[in-house]
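Okay, everyone, thanks for coming. I'll put the structure up and we'll go straight in.

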Amino acid sequence: MLIRVEKGSAVPISSQIAEQIAMHCAAGKLASGDRLPSVRELARDLAVNQNTILRVYERLVREGLLEMRQGQGTFVAEDSTGRSRASHRKRLGEEFRQLARQGIALGLTSDELHEILSTALSQLQPASAETGVST
């Protein structure tokens, strides 16, 4: 599983990791029943504290994306793709509204905002085709 942590980011490391695992679930790159690395393994691979990974796993269990099985490990929960997509869609909607408010405050028109979004999407499409997860 490919997860990257930006230690200089303003976003907490635990949020970065949780978001990336949730995105892998939403994209179907992690399927129901897939086993995640142990807390110790992932902490070592990412060079973070084990408690950080434990908090991430516990948070995603509470959100219904993961399930911890006593003595077996942590697994992707049933229907995690649907739950994760719904959660991401809601979060994206909130972020788009915030960006739209900023654009309107700058005096941009609806057409100008659509043009900015179209440009951003066209710039991302080649990169998104190359994105992959390795396990």
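So, the nonpolar patch: helix H4 supplies the largest share of it, 3 residues. This is a predicted model, by the way, so read everything I say as computed from that. The patch itself is made of Leu92, Phe96, Leu99, Leu117 and Leu121, and it sits on the surface. Together those residues have about 450 Å² of accessible area. Two elements give two or more residues each: helix H4, which covers 80–105, and helix H5, which covers 110–130.

Take Leu121 as one member of that patch. Leu121 belongs to helix H5. Is Leu121 buried, exposed or partly exposed? It's partly exposed, because its relative accessible area is 44%, and you need over 50% to be called exposed.

Let me zoom out for a second. The protein chain has 5 helices and 2 strands. If you walk along the sequence, the order is α-α-α-β-β-α-α, so the two strands come after three helices and before two more. For the overall dimensions, the C-alpha trace spans about 55 × 30 × 30 Å along its principal axes.

On the surface side, the protein chain has about 9,100 Å² of accessible area, and carbon and sulfur atoms own 52% of that. There are 135 residues in the protein chain, and 25% of them are buried. And for those of you who like contact statistics: take the contacts with a separation of 6 or more, and 53% of them join residues 24 or more positions apart.

Now for a buried example. Thr52 is in helix H3, residues 50–62. Its relative accessibility is 11%, so Thr52 counts as buried; the cut-off there is under 20%. What does Thr52 touch, once you skip residues up to four places away in sequence? Ile13, Ser14 and Ile17.

Okay, charges. Side chains of opposite charge can pair when their charged atoms come close. How many salt bridges does the count give here? It gives 3, and I'll go through them in sequence order.

Arg44 and Asp45 pair up through their side chains, at 3.8 Å from N to O. The cut-off is 4 Å, so 3.8 Å still gets in. Both of these residues are exposed.

Then there's Arg59 with Glu63, where the N to O distance is 3.1 Å. Arg59 comes out as partly exposed because its relative accessible area is 25%. Glu63 is partly exposed too, with 39%.

Last of the salt bridges is Glu67 with Arg69, and here the closest N and O atoms are 2.7 Å apart. Glu67 is at 30% relative accessibility, so it counts as partly exposed. Arg69 has a relative accessible area of 31%, which means partly exposed as well.

Stay on Arg69, though, since there's another contact to look at. Which ring does the charged end of Arg69 sit over? The ring of Phe75, at 3.9 Å from its centre. So Arg69 has Glu67 as a salt-bridge partner and the Phe75 ring under its charged end.

And how many aromatic pairs are there? The count comes to 0.

To wrap up, I'd keep two spots on screen for the discussion: the nonpolar patch with residues from H4 and H5, and Arg69 with Glu67 and Phe75. Okay, over to you.

Definitions and conventions
Residues are numbered from 1 along each chain as its sequence is written. This is a predicted model: local features need pLDDT of at least 70, side-chain atom pairs count only at pLDDT 80 or more; totals for chains, interfaces and linings use all residues. Side-chain values use heavy atoms; hydrogens and water are left out. Patches are made of residues with over 30% relative accessible area and no salt bridge: like charges are joined within 9 Å, nonpolar side chains (Val, Leu, Ile, Met, Phe, Trp, Tyr) within 5 Å. Accessible areas come from the Shrake-Rupley method with a 1.4 Å probe; for residues, only the protein chains shown count as cover. Helices (H or I, at least four residues) and strands (E, at least two) are DSSP runs, numbered from the N terminus. Buried means under 20% relative accessible area, exposed over 50%, partly exposed in between (1.4 Å probe, protein chains only). Contact means heavy atoms within 4.5 Å. Rings of Phe, Tyr and Trp (its six-membered ring) pair if their centres lie within 6.5 Å; planes under 30 degrees apart count as stacked, over 60 as edge-to-face and the rest as tilted. A charge sits over a ring if NZ of Lys or CZ of Arg is within 6 Å of the ring centre and within 35 degrees of the ring normal.
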